[in-house]
Amino acid sequence: KEIRRRRRVGECVQHAEVSAVGHSRHSFRMLKSSGGGSKRRDDYQLVSRLVQYAFRVFNLDMNGFFMKYCDVFDQTQEEMKKNGETLEQYDVFRKYEEQLDKHMDSFVTKEGFNSVEECFKAIERAVKTDKREHAVRMEELTEQLKTLEEEAASIRQKKALKDAVEAGEDEDDLDAVLAATDLSSSPSSGGSKKKAPSAPSATAMNQHAPAMLFLQPLTLEQMVESVLNMADYSTFSAMMRVRAAQMRKLRDAEAIAKKRHEEIRARARLLASSQTTPEQFVELFDSMRERICNLTPKRDDLRKLADKNMDTTLIKQLLSDESLDAYAISLKKLVTFTFDRIAMLCSPNHVATVKQHKDHLKSNVRRMGYREFIQQYLEFGHADVDRIEKEIQAFFLWQSRIGL
């Protein structure tokens with residue numbers, strides 16, 4: 001049963017482009033094989049409007065359809081290799097074709113044609129005419145490029161001779177200079193006869209010339225082909241799989257954001273409580289150091305520096321002695337390192353806030369009780385890291401939604 005199912009799926013995918021459902025669907029693909037027609041001035045503008053209309057439909061008008069069905073294509077690479085395409089995915093493609101048909105019919109009506117065939121005959125005329133004209137244009141551009149290269153080579157030849165003469169070189173040296181650039185000349189057999197100075201060939205000079213490139217103009221055939229590709233199953237499937245992967249990442253990111261929000265609330269309750277134990281303070285300190293390091297995951301050097309300057313031993317001793325008196329200098333160094341590192345990682349808009357936190361803690365290190373100091377240090381530090389993570393998360397979500 002499973003073999004028959006896969007075989008049916010394979011046949012559906014293989015023949016996805018030959019579907020005969022709907023008169024306009026056939027007409028949408030007929031441009032690939034139709035022929036004949038006379039030149040019309042307005043046909044070029046028609047092709048331009050078709051391409052603009054098609055991409056607007058694909059990127060805007062059908063976005064709701066894509067969002068609705070992209071989960072059907074949510075397969076990992078392993079699942080794709082194991083199970084292949086599914087009948088459900090092909091059913092979505094059939095619905096997609098029906099949507100394309102409606103939009104295509106709407107375009108034909110808007111342009112004032114009586115049928116899709118009439119519309120695409122006009123487009124086909126423009127494509128054939130443009131193809132002939134494009135070949136002529138490319139031939140002309142190639143000749144112009146060849147002429148420019150020869151002129152540039154000639155200029156370099158004259159400059160090479162002029163520089164050699166102005167340098168006061170004798171005839172033998174001049175021959176050597178020219179021989180070094182004239183790669184087309186054959187080596188002399190005797191080597192005793194002196195040759196009169198002669199300019200290096202354009203071919204030899206071209207080897208040392210900078211490359212001259214030009215971009216081919218986009219043809220109407222290429223523009224229309226980009227529209228026709230929208231009706232291919234392979235194009236549709238690839239696009240839906242990309243969207244499905246983006247939606248999966250979006251859901252994961254939202255789950256992470258929700259979890260982070262819960263952690264922020266739990267941390268706030270701990271820091272506001274008078275019942276927080278020394279072990280919980282140490283855990284919050286270690287967590288803050290880890291979060292700071294995770295902002296630069298590929299920088300092992302920064303992690304080692306953080307482990308050295310944010311040593312848990314200092315916090316444990318402070319909490320054990322229940323006093324700040326013996327640790328004022330060490331705590332100032334700890335505050336400076338912590339908030340300087342955060343300021344290095346946060347956005348420019350929040351550097352001033354981080355600096356205020358650092359200055360407040362350093363100036364009040366001898367005026368606070370040990371619990372109050374630890375609470376404010378951890379509260380400020382975690383809040384500043386929260387802000388950085390939120391900005392990263394917001395950018396990621398914005399980027400993901402832009403791509404959908």
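The exercises below, each with a worked solution, concern the predicted model shown above.

Residues are numbered from 1 along each chain as its sequence is written, and side-chain values use heavy atoms, with hydrogens and water left out. Because the model is predicted, local features need pLDDT of at least 70 and side-chain atom pairs count only at pLDDT 80 or more, while totals for chains, interfaces and linings use all residues.

**Exercise 1. State how many helices and strands the chain has, and what share of its residues is buried.**

Solution. Helices (H or I, at least four residues) and strands (E, at least two) are DSSP runs, numbered from the N terminus. By this rule the chain has 17 helices and zero strands. Next, a residue is buried under 20% relative accessible area, exposed over 50% and partly exposed in between (1.4 Å probe, protein chains only). Of the 404 residues, 37% count as buried. Finally, contact means heavy atoms within 4.5 Å. Among contacts in the chain with a separation of 6 or more, 77% come from residues 24 or more positions apart.

**Exercise 2. Determine how helices H3 and H6 are arranged and which residues meet.**

Solution. Axes are lines fitted to C-alpha atoms, for helices over the stretch in contact, and angles run from 0 to 180 degrees between N-to-C directions. Helix H3 (residues 43–61) and helix H6 (residues 87–110) pack at about 140°, their axes 11 Å apart. Angles under 35 degrees count as roughly parallel, over 145 as roughly antiparallel, 65 to 115 as roughly perpendicular and the rest as oblique. H3 and H6 are therefore oblique to each other. On the side of H3, the residues that meet H6 are Leu46, Arg49, Leu50, Tyr53, Val57, Phe58 and Asp61; on the side of H6, they are Tyr96, His103, Met104, Ser106 and Phe107. For the classes, Ala, Val, Leu, Ile, Met, Phe, Trp, Tyr, Cys and Pro count as nonpolar, Asp, Glu, Lys and Arg as charged, and the others, Gly among them, as polar. The contact of H3 with H6 thus comprises eight nonpolar, two polar and two charged residues.

**Exercise 3. Carry out the corresponding analysis for H12 and H13.**

Solution. Helix H12 (residues 278–294) packs with helix H13 (residues 300–309) at an angle of about 160°, with axes 10 Å apart. This angle makes H12 roughly antiparallel to H13. H12 contributes Arg289, Glu290, Cys293 and Asn294 to the contact, and H13 contributes Arg303, Ala306 and Asp307. By class, the contact of H12 with H13 has two nonpolar, one polar and four charged residues.

**Exercise 4. Decide whether Phe337 and Ser237 are buried or exposed, and name their contacts.**

Solution. Phe337 lies in helix H15. Its relative accessibility is 15%, so Phe337 counts as buried. Leaving aside neighbours within four places in sequence, Phe337 is in contact with Leu305, Ala306, Asn309 and Met310. The C-alpha atoms of Phe337 and Asn309 are separated by 7.0 Å, although these residues are 28 apart along the chain. Ser237 is in helix H11 (residues 233–272) and counts as buried, because its relative accessibility is 4%. With neighbours within four places again set aside, Ser237 is in contact with Phe73 and Glu85.

**Exercise 5. Locate Glu322 and Lys390 and classify their accessibility.**

Solution. Glu322 is in the loop between helix H14 (312–321) and helix H15 (328–345). Although not a glycine, Glu322 has a positive phi of about 55°. At 51% relative accessibility, Glu322 counts as exposed. Lys390 is placed in helix H17 (residues 370–402) and is exposed, with a relative accessible area of 51%. The C-alpha atoms of Lys390 and Arg260 are 9.3 Å apart, with their positions 130 residues apart along the chain.
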